[in-house]
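Student: I am new to this structure and should be grateful for a close look at a single part of it. Please take one residue as the starting point and proceed outward from there.

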Amino acid sequence: MLFRSLIVGLFLFTWLVVFIPLVHLSPYVKDAGASSTVGAWLVSLIGVGGLGGRLLSGSVSDRLGRLPTLAATLIMQVLSFVVFSATTSIAVLLPAAALFGLGYGGSTVLFPALAGDRFGPAHAGAIVGAVFAGAGSLGAFGPYVAAWIHDTTGAYTWAFLVAALANALSVLFVVGLWLSARRPAVAKVATA
């Protein structure tokens, strides 16, 4: 039961904010005086980074473990959101967008693998399908909230900081998963 609750929290806070840069990064830099072309480059770099994350995270997680790799991908997203909130410098935003994509793409690949590791391949498809269906709804809600924050404050700063906080909470859920996975192993050693 604890594992399921941690997974739900992890998905909730990750997917709530994951599409915010795809929707709001271009208007953010346009508000700062950049062209629509620059905004398109930023969104494109998220896509390129996402491709890299999808290609790399599986093999990295096979070596380092699913949870440490997942935590790293989420930390990449946290750092990117913090950078997005702090600057409109295109020279800084370009690598931050690619880093966000790397983290987003990597986490997308790791969620199904994590479910498969825990519940087995026979059940992973149904579980991942159900979770991603719910996550898609959350993904649509996050950009709406970011727009509301922007309209209320007149800037994207707080929208990106709230997104960073949500991803930071996701990292805490990964730590909870790691601790819950280690608990039974410790108990077995203590009783042996």
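Does Ser107 count as buried or exposed, and why?

Tutor: The model discussed here is a predicted one. Ser107 counts as buried, because its relative accessibility is 1% and the term applies to anything under 20%.

Ser107 belongs to helix α5. The 30 residues of α5 should span 44 Å at 1.5 Å a residue, and the 43 Å between its end C-alpha atoms agrees with that. Apart from neighbours within four places in sequence, Ser107 is in contact with Leu70, Thr73, Leu74 and Gln77. Each of these four residues appears among the buried residues of α4, a list that also includes Leu67, Val78, Phe81 and Phe84. Helix α4 has 21 residues, which should span 30 Å at 1.5 Å a residue; its end C-alpha atoms are 31 Å apart, in agreement with that figure.

From Ser107 one may pass to Leu70. With residues up to four places away in sequence set aside, Leu70 touches Ser107, and also Leu10, Leu110, Phe111, Leu114 and Val174. Leu70 is one of the residues with the most contacts inside the largest nonpolar core, together with Leu10, Leu25, Phe81, Phe84, Phe160 and Leu177. That core has 42 residues. At least two of its residues come from each of α1 (2–15), α2 (20–31), α3 (36–64), α4 (66–86), α5 (90–119), α6 (121–153) and α7 (157–191).

Leu10 is the next step. This residue is found in helix α1 and counts as buried because its relative accessibility is 0%. Beyond the four places on either side in sequence, Leu10 touches Leu70 and Leu74, as well as Phe111, Leu114, Ser170, Phe173, Val174 and Leu177. Leu70 and Leu74 are thus partners of Leu10 and also of Ser107. By contrast, Ile46 lies 21 Å from Leu10, C-alpha to C-alpha, with their positions 36 residues apart in sequence.

Helix α1 itself has 14 residues and reaches 20 Å from its first C-alpha to its last, close to the 20 Å expected. Its buried residues are Phe3, Leu6, Ile7, Gly9, Leu10, Phe11, Thr14 and Trp15.

Ile7 leads to the largest pocket. The space in this pocket is about 170 Å³. Its lining has 13 residues, of which Ile7, Ala115, Phe119, Ile127 and Val131 are the closest to its centre. Helices α1, α5 and α6 each supply at least two residues of the lining, and α1 gives the most, with five residues. By kind, twelve residues of the lining are nonpolar, none is polar and one is charged.

The account may end with helix α5, where it began. Gly116 lies in this helix and, not counting residues up to four places away in sequence, touches Pro121 and Ala124. Gly116 is 8.7 Å from Val128, C-alpha to C-alpha, the two being twelve residues apart in sequence. After α5 comes Gly120, which has a positive phi, near 90°.

Definitions and conventions. Residues numbered from 1 in each chain as written. Predicted model: local features only at pLDDT ≥ 70, side-chain atom pairs only at ≥ 80, totals over all residues. Heavy atoms only, no water. Core = buried A, V, L, I, M, F, W, Y, C linked by side-chain atoms within 4.5 Å. Buried < 20%, exposed > 50% of the residue type's maximum accessible area, 1.4 Å probe, protein only. Contact = heavy atoms within 4.5 Å. 1 Å grid on protein atoms, 1.4 Å probe; cavity = no way out; pocket = protein on both sides within 12 Å on 5 of 7 lines; lining within 4 Å. Points joined across faces, edges and corners; volume = space filled by probe spheres on them. Nonpolar A, V, L, I, M, F, W, Y, C, P; charged D, E, K, R; others polar. Expected span 1.5 Å × (residues − 1).
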